[in-house]
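Work through the exercises below with the sequence and the coordinates open. Each task is followed by a solution in steps.

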Number of protein chains: 2
Amino acid sequence: MAKTSGNKTAISPSRAEDYASWYQQVVREADMAELSGVRGCMVIKPNGYGIWEKMQEYLDKKFKETGHENCYFPLFIPISYFQKESDHVDGFAKEMAVVTHHRLKAADGKLIPDGELEEPLVVRPTSETVIGASMAKWIKSYRDLPVLINQWANVVRWEMRPRLLLRTAEFLWQEGHTAHETMEDAMAEARKMHDVYKDFAEEVLAMPVVSGEKPPHERFPGAVNTFTIEAMMQDGKALQAGTSHYLGQNFSKSFDIQFQNREGSGDFVHTTSWGVSTRLLGALVMTHADDNGLRVPPRVAPWHAVIVPVLRADADAKNVIDYCEALAKDISAQNYASQPIRVKVDKRDISGADKKWSWIKKGAPLIIEIGARDVEAQKVCVLRRDKLDDGKQFTECKEFVSSVSSVLQDIQQNLFNQAASFMASNTVEIKNKQEFIDYFKKEKTGFVRAKWSMDTASLSVLEELSVTVRCIPFDQKGDSGVCVLTGAPATLDTIFAKAY
Amino acid sequence: MAKTSGNKTAISPSRAEDYASWYQQVVREADMAELSGVRGCMVIKPNGYGIWEKMQEYLDKKFKETGHENCYFPLFIPISYFQKESDHVDGFAKEMAVVTHHRLKAADGKLIPDGELEEPLVVRPTSETVIGASMAKWIKSYRDLPVLINQWANVVRWEMRPRLLLRTAEFLWQEGHTAHETMEDAMAEARKMHDVYKDFAEEVLAMPVVSGEKPPHERFPGAVNTFTIEAMMQDGKALQAGTSHYLGQNFSKSFDIQFQNREGSGDFVHTTSWGVSTRLLGALVMTHADDNGLRVPPRVAPWHAVIVPVLRADADAKNVIDYCEALAKDISAQNYASQPIRVKVDKRDISGADKKWSWIKKGAPLIIEIGARDVEAQKVCVLRRDKLDDGKQFTECKEFVSSVSSVLQDIQQNLFNQAASFMASNTVEIKNKQEFIDYFKKEKTGFVRAKWSMDTASLSVLEELSVTVRCIPFDQKGDSGVCVLTGAPATLDTIFAKAY
């Protein structure tokens, strides 16, 4: 087990040495996820799933507060559904798992597929089609609108180059699907959920994002508008962290979702969809982890504080454990972010140092070591995961308990501030094509903010540079300028970056 | 929309007229679930999913309190994994969805499967195999034990005769999987989780169960012991409501889950698995619904109380709505079962009577109608869903608010008592084979409690009668007798029934 001793850090290689390997190591050492024996599919382990549960808890509450109800729709989608929306199928057809049989049979001592289906079934890559088919049955009149539903589910998109948590064949997500009387209502919904995602990213995940709209060629297949939040990873690449789509009447026309409007005539509903996924766990690693492992923002930490009893002699044991348990009780009686503080006493049968390092790598915000001397002095020895370099702080036990909630808030804010300052210092404005090309040819790049004419012919240079248009941000300066790629007059500020 | 007027009830046909159709109608009218356009797959609608969420909430808390952590494992299982455990595959091979391709392509204007997989993948019918493969990697020493994990997931078992909520190709469930040093530890775990299920069924679902062990021929494929809770539906049939398995070393030997034990030698772990599913939603209907629709036990009700404003003239509207909102606020400040009472004001643009009946059919425990006169008199007009025949009760508003928590507990208890008395009066003791046969030839049957020698040769008569051994109940009289089927000496009391 790697450890910090002198200048050595717990994760090897470091970010600077090999960013991609560092990422894999952090995910593994933090007990978040691992690749399974099933090609491209992952196992989400307790610390990863625990963080996902906290994300779910916050979002599910927000979805309900904004009037949405949870439902569950079939995993399987008949191929014919995909043929109904041609843009949609073009976007997804290349990467879907297809069920063709419903049985296995033994042949020559081997199991082989048997019972061929009349119509093959696709394992959902997203559920607009199958939910559209249900909405067509449910919606008859404007009185049935809006329909506001959400589903927590697994989806499958076959990936040729899987990447743990970020890009796997199967992942978990939520997908909201809504239907409205008018374009205005649907657009307001899409923007509202976009704002929910933005607040979630910044306030809960401590992950600053650029908020904006995708250009036409980067929209979700079948969408009229796609809104996105884009986060910056520590290697300067962008990660699309959540999208929200106004789908116009595209799906309602394909799936015949008609209603009688207030004027008494037939009309097609306007729909939206929006989602975030377990990919956010990967984003969390790449935003907050350091060379000693993960750092979890307190708002989504499975454990806010972990107490590690340090037992040097058997004689101490009972005394120390009792003190730890009493301390845990006192801490859990405090609230942070309107919830009781989540505290664990780690009583595993391994050394105190191994315990401490396992929690550093898992990213617990506060690690509290308690030995016989601390019991005697009624003190606690506290390590803040966001300020590991400051080392252990000894505090009066009572004082610590009464301050723990504000310390957690300070950690949350500190992680956000670090990420925000990183994003700010790795965002540049560029006005000239050659400068743009030179910038993206450098090894380490960030976000480029530049004027763009939205001329798709200008995109070929982006392809060569492996750069994409991330979004047209909502915060526009509103000034006039020239397109960084074509030199034509252009007013829109645009974010360009390499991306995951 | 069907309504009670005189002797007519909201659900047609009634239970007595056509039990199977009555069930379908209740599920539909209660907005719980419907069959989808995908063969054998269902859509779980808001009221059904809302009840499932309350079930999840209770169980997830219990699982965590008993030391389990949530994880997530792949949806797909390579065929070869199934070949490792022969009993297991024999039990499942006949009903699994098989993925053979990872892409679609257009051919003659149609989409067809493309990109054949080297090894076909099975959509999980249950996850012992894929979790066993992970445990083999994770467990090295007795220090790593026990491993206590749970997964909330969808599973697929191809069904030739699907039945809404009870038997569908895809359903949702939780599956617990644990690994232990010794048989004693694993057995204690399997029994502990069985007890969690029994308490859950009786205290939360208000559903009395017989608790016991399955005979060998009814065990889960690959299990050494299977513990079960069996509930009685209103047509007298049994429904297996939750099972817990001691799997011995069967899976650990097939998947090579070895550990170094305390003596320093290599050993195979003992594993368990246990699960309940959305089938419980069907069980809830068949336990508590009546000829007016669903009745939801308060502990799992998405809404404990629904307030229906009755607006006879526009002039009343604001006054009445304000009163309803204030009442909702007062009620939700009260707690029931340690949670704030869940209350909704139904402001849909439909008639008060239609609203009331929609909530009767959805089974909301308390329906409160408020008109202008009630506002004036500071009263509420309350309908208890479990005592619909008692009709509306007018109460002082303040008095109602302070009593609402105890009224909900009374409803919970009343539903349990009704079901328990139904079960008791439909359970018979039979000592004689002819009497046994005659009993099960009747149209309406229940549970038969009888001595059985566990002689499998005696089972052919059960098959003719469509009867199965449900369990050997834990509460044994311990007396001696003769086997009801063979006449041989027998001591074990056994539960026989027709079943879902």
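**Exercise 1. A network of charges**

Which residues are linked with Arg449(A) in a network of salt bridges?

Solution. The model is a predicted one. In this model the network joins Arg449(A) and Lys451(A) with Asp475(A), Asp479(A) and Asp493(A). Over all chains, the count of salt bridges comes to 60.

**Exercise 2. Two pairs within chain A**

Locate the partners of the salt bridges Arg385(A)–Asp290(A) and Lys392(A)–Glu369(A), and state their burial.

Solution.

Step 1. For Arg385(A) and Asp290(A), the closest N and O atoms are 2.8 Å apart. Arg385(A) sits in the loop between strand S20 (379-384) and strand S21 (393-396) of chain A, and Asp290(A) in the loop between helix H8 (279-288) and strand S15 (305-309) of chain A; the pair, 95 residues apart, links distant parts of the chain. Both Arg385(A) and Asp290(A) are buried.

Step 2. The side chains of Lys392(A) and Glu369(A) form a salt bridge at 3.3 Å, N to O. Lys392(A) belongs to the loop between S20 and S21 of chain A and Glu369(A) to strand S19 of chain A, so this pair ties together parts 23 residues apart in sequence.

Step 3. Buried means under 20% relative accessible area. Glu369(A), with 9%, is therefore buried. Lys392(A), with 42%, is partly exposed.

**Exercise 3. A pair within one helix**

How many residues apart are Lys198(B) and Glu202(B) in helix H6 of chain B, and is each buried or partly exposed?

Solution.

Step 1. Lys198(B) and Glu202(B) form a salt bridge, with 3.4 Å between the closest N and O atoms.

Step 2. The two are four residues apart in helix H6 (residues 183-204) of chain B, so about one helical turn separates them.

Step 3. The relative accessible area of Lys198(B) is 24%, so this residue is partly exposed. Glu202(B), with 22%, is partly exposed.

**Exercise 4. The surroundings of a glycine**

Where in chain A is Gly371(A) found, and is this residue buried or exposed?

Solution.

Step 1. Gly371(A) is in the loop between strand S19 (366-370) and helix H11 (372-377) of chain A.

Step 2. With a relative accessibility of 12%, Gly371(A) counts as buried.

Step 3. Apart from neighbours within four places in sequence, Gly371(A) contacts Val310(A) and Val320(A). Asp316(A) is 55 residues from Gly371(A) in sequence, and the C-alpha to C-alpha distance is 8.2 Å.

**Exercise 5. The interface**

Describe the contact between chain B and chain A by its extent, polar pairs and strand pairing.

Solution.

Step 1. Chain B contributes 63 residues and chain A 63 residues. About 5,200 Å² is buried between the chains, 64% of it from carbon and sulfur atoms. On the chain B side, Tyr72(B), Leu104(B) and Leu111(B) lose the most area to chain A, together 13% of what that side buries.

Step 2. Six salt bridges cross the interface. One of them joins Glu53(A) and Lys64(B) at 3.0 Å, N to O. Residue pairs in polar contact number 26.

Step 3. Strand S6 (residues 110-123) of chain B supplies eight residues, the largest share of the side of chain B that touches chain A. By class, that side has 38 nonpolar, ten polar and 15 charged residues.

Step 4. Strand S5 (residues 98-107) of chain A and strand S5 (residues 98-107) of chain B run antiparallel and are joined by three bridges. In this pairing Val98(A) stands opposite His101(B).

How values were computed. Residues numbered from 1 in each chain as written. Chains lettered and ligands numbered in written order. Predicted model: local features only at pLDDT ≥ 70, side-chain atom pairs only at ≥ 80, totals over all residues. Heavy atoms only, no water. Contact = heavy atoms within 4.5 Å. Buried area = accessible area lost by both parts, 1.4 Å probe. Salt bridge = Lys/Arg side-chain N within 4 Å of Asp/Glu carboxyl O. Polar contact = N/O pair within 3.5 Å; in protein donor to acceptor, adjacent residues only side chain to side chain. Nonpolar A, V, L, I, M, F, W, Y, C, P; charged D, E, K, R; others polar. Pairing = 2+ DSSP bridges. Buried < 20%, exposed > 50% of the residue type's maximum accessible area, 1.4 Å probe, protein only.
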